[in-house]
Amino acid sequence: MPETLVPALDELATEYAKARRDPKFKTELDYYLREYVGRPTSLYYAERLTKKLGGAKIYLKREDLCHTGAHKINNAMGQVLLTQRMGKKRVIAETGAGQHGVAVATAAALFGLQCDVYMGTEDMERQALNVFRMRLLGTTVKPVDAGSRTLKDAISEAMRDWTTHVRTTHYILGSVLGAHPYPMMIRDFQAVIGREARKQIMKAEGKLPDYLVACVGGGSNAIGLFTAFLKDKKVKMVGVEAGGLGIESGKHAARFATGSVGVLHGTMTYLLQDDDGQIQLTHSVSAGLDYAAVGPEHSYYKERERIAYTYATDEEAMAAFDLLARTEGLMPALESAHAIAYVTKLAPKLKRSQIIMVNLSGRGDKDVHQVARIKGVSL
Amino acid sequence: MSRIQSTFQRLAARGEKALIAYIMADAGADVIELGVPFSDPIADGPVIQQAAERALRSGTSLKKILATVRSLRTKTQVPLVFMAYYNSIFHYGEAVFCRDAVAAGVDGLIVPDMPPDEAGTLRPLAEKAGLDVIFLLAPTSTAKRQATVARLSRGFIYYVSLTGITGAKLTDKADVGKKVREIRRYTKTPVAVGFGIATPDDARQMAQAADGVIVGSALVKVIAEGDHGSAAARLSAFTRSLKAATLGNRELTVV
């Protein structure tokens with residue numbers, strides 16, 4: 001990270017460490033998560049999907065029910081409360097799918113903070129609805145027309161803004177990426193997902209699940225679900241990356257399938273890069289998975305073989321979107337549809353007594369236009 | 001003594017300040033800073049971002065830049081500093097990079113996204129190879145960080161004149177002088193000021209405050225704007241005007 005930002009990162013690490021120990025901070029965050037976000041979210045037994053796939057029992061952790069429609073608000077609330085403690089009046093964020101941007105715009109409106117969100121112009125196009133939602137919430141959406149015009153460049157631009165306004169602004173990074181303390185702090189804010197899910201499955205089934213499945217862009221919803229189960233050796237975990245148009249096409253964001261270790265945006269992790277160490281362009285139907293790096297903790301668990309990683313292609317994710325909509329009346333976010341796509345392959349191979357728990361990290365309302373476009377339907 | 005150190009000493013003996021000219025790897029400066037293009041240059045403003053994009057599109061790579069330096073070294077002994085983002089070096093291999101860079105004739109290295117805290121592997125390798133690692137300080141740096149950088153930086157210390165990115169507007173010039181004086185409490189290593197120095201007038205004022213001035217975006221702009229054929233002449237004229245601004249009280253006869 002640039003020297004200009006190092007003191008701000010140190011300050012953030014110190015403030016976060018203090019907040020983490022402060023029972024008042026926890027009480028306040030719990031209050032907003034309960035009364036405003038709508039936690040705990042339910043753990044729903046998807047009976048028709050289970051029957052249709054004919055194997056393991058499938059439970060959906062319903063993060064799509066959170067206020068603003070995805071798990072991103074868990075982190076946004078935590079960081080906005082932290083911003084208050086640091087006495088900063090302005091927040092900035094990057095966004096890919098727009099879910100993190102909307103979550104930050106929402107939390108900023110709630111606390112009366114000025115908010116600017118950086119978004120690649122390609123993402124603005126495929127997530128036009130979320131762009132408008134942010135504007136309705138009083139946020140300025142700043143188009144980023146550099147490089148791939150997606151999440152990677154939005155993060156770079158947000159970091160440049162932060163470098164320029166570091167004394168008055170807090171940067172609310174949206175996933176378990178970036179320099180310390182971000183990956184750790186964001187994991188902590190998202191770990192509420194797994195804590196709830198663990199209690200809920202014990203209540204419903206009296207035992208732990210056999211598999212946990214979640215999509216992995218930066219990887220915050222996955223790490224949020226997985227963390228509470230990491231010590232349960234028998235619980236297998238699978239992260240699903242974006243296979244885009246297929247690995248062989250080169251147009252994907254499957255970092256673990258073909259990437260190598262490098263450093264981007266202040267973190268050492270698996271990256272998609274060329275022979276010269278230049279970050280490669282990625283592709284995914286879902287803007288939230290369209291990023292060349294993955295959270296460093298995922299790289300750690302990949303190397304320790306605690307979490308397995310696979311990918312689902314655009315086409316498989318679209319099929320999963322349709323399937324879940326028609327069997328359960330739930331439209332998943334295209335990101336979450338990647339996790340569902342893997343479940344459709346996994347569940348039939350397992351016994352009926354086994355349990356798969358999937359993180360339905362967001363709802364698909366934001367993707368309706370994109371889905372229509374892919375299906376060739378004009379609205 | 002490294003080529004960078006001896007240049008600063010020679011200039012100081014003449015009452016001059018160093019003009020450090022940044023160019024994207026594609027040249028009257030005392031030190032040349034060669035930008036190694038990276039796809040995601042988070043410390044750079046639009047001018048250098050676009051220069052990097054152009055360079056990458058035309059097929060520039062770290063290997064090719066090192067080859068250019070080797071051939072350049074047969075013509076000039078001017079100190080050459082690389083400005084490269086960490087992933088470029090990490091991907092090349094830190095030890096191999098230090099060896100190849102020194103063999104090619106590179107004297108120093110600025111890694112804008114690598115503060116000393118994160119230089120644990122590269123710094124000792126560079127030191128062993130004889131490559132000066134130049135660290136940066138910023139207006140936000142604490143006294144403790146100033147002391148650390150003053151101790152670890154070789155060749156010179158790069159003081160970032162503003163909280164922002166390259167090519168931004170330099171507004172608080174008085175603060176720069178104050179910060180440079182703070183840094184000098186810890187070290188005799190020369191302090192050069194960069195970011196936002198766009199005109200000979202900026203260069204003159206900053207040269208009064210520090211041992212050197214670094215001009216990047218403004219030079220890249222001179223190359224990028226206007227026709228290709230006359231770029232060298234425009235660059236030369238602009239560099240001379242900047243160099244004149246760093247001569248202190250001396251007459252302009254040397255130029």
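Start by selecting A:Val91 and A:Cys115: in this predicted model, A:Cys115 belongs to β4(A) and is the bridge partner of A:Val91. Now widen the selection to the two strands around this pair. Strand β3 of chain A covers residues 90-95, strand β4 of chain A covers residues 114-120, and the two pair in the parallel sense over 6 bridges.

How does the chain get from β3(A) to β4(A)? Colour helix α5 of chain A, residues 99-111, and follow the path: the chain crosses through this helix, and the β-α-β crossover is right-handed.

Stay with β3(A) and show what surrounds it. Is this strand mostly buried or exposed? Of its 6 residues, 5 are buried, so β3(A) is largely enclosed by the rest of the structure.

Next, pick A:Ile92, which stands opposite A:Tyr171 in β6(A). Select residues 169-171 to see the whole of β6(A), a strand that pairs with β3(A) in the parallel sense over 3 bridges.

Then try A:Gly120 and look across to A:Val144 in β5(A), which stands opposite. Here β4(A) and β5(A) run parallel, joined by 5 bridges.

Time to put the pieces together. Show β5, β4, β3 and β6 of chain A at once: in that order they form an open sheet of 4 strands with parallel pairing. Which strands stand at the edges? They are β5 (140-144) and β6 of chain A; each has a single partner strand, so one side of each is left without a neighbour in the sheet. As you rotate the view, notice the twist: neighbouring strands are turned by 25° against each other on average, direction ignored.

Now zoom out to the whole of chain A. Give one colour to domain 1 (3-36 + 71-186) and another to domain 2 (40-69 + 191-375). The C-alpha centres of these two domains of chain A lie 22 Å apart. Where they meet, 32 residues of domain 1 and 37 residues of domain 2 take part in the contact. On the domain 1 side, several helices of chain A each supply at least two residues, among them α2 (23-37), α4 (72-86) and the α5 you coloured earlier. By class, that side has 16 nonpolar, 13 polar and 3 charged residues.

For the last stop, bring in chain B. Here 26 residues of chain A are in contact with 31 residues of chain B. Select α1 (6-21), α8 (151-164) and β9 (260-264) of chain A, each of which supplies at least two residues to the side touching chain B. Which element gives the most? That is α8(A), with 6 residues. The residues on this side of chain A divide into 11 nonpolar, 10 polar and 5 charged.

Conventions. Residues numbered from 1 in each chain as written. Chains lettered and ligands numbered in written order. Predicted model: local features only at pLDDT ≥ 70, side-chain atom pairs only at ≥ 80, totals over all residues. Contact = placed C-beta atoms within 7 Å. Nonpolar A, V, L, I, M, F, W, Y, C, P; charged D, E, K, R; others polar. Buried ≥ 20, exposed ≤ 12 C-beta atoms within 10 Å, placed from the backbone. Pairing = 2+ DSSP bridges. Right-handed = clockwise from strand over helix to strand, strands pointing away. Axes fitted to C-alpha atoms, helices over the stretch in contact; angles between N-to-C directions. Domains from an automatic or database assignment.
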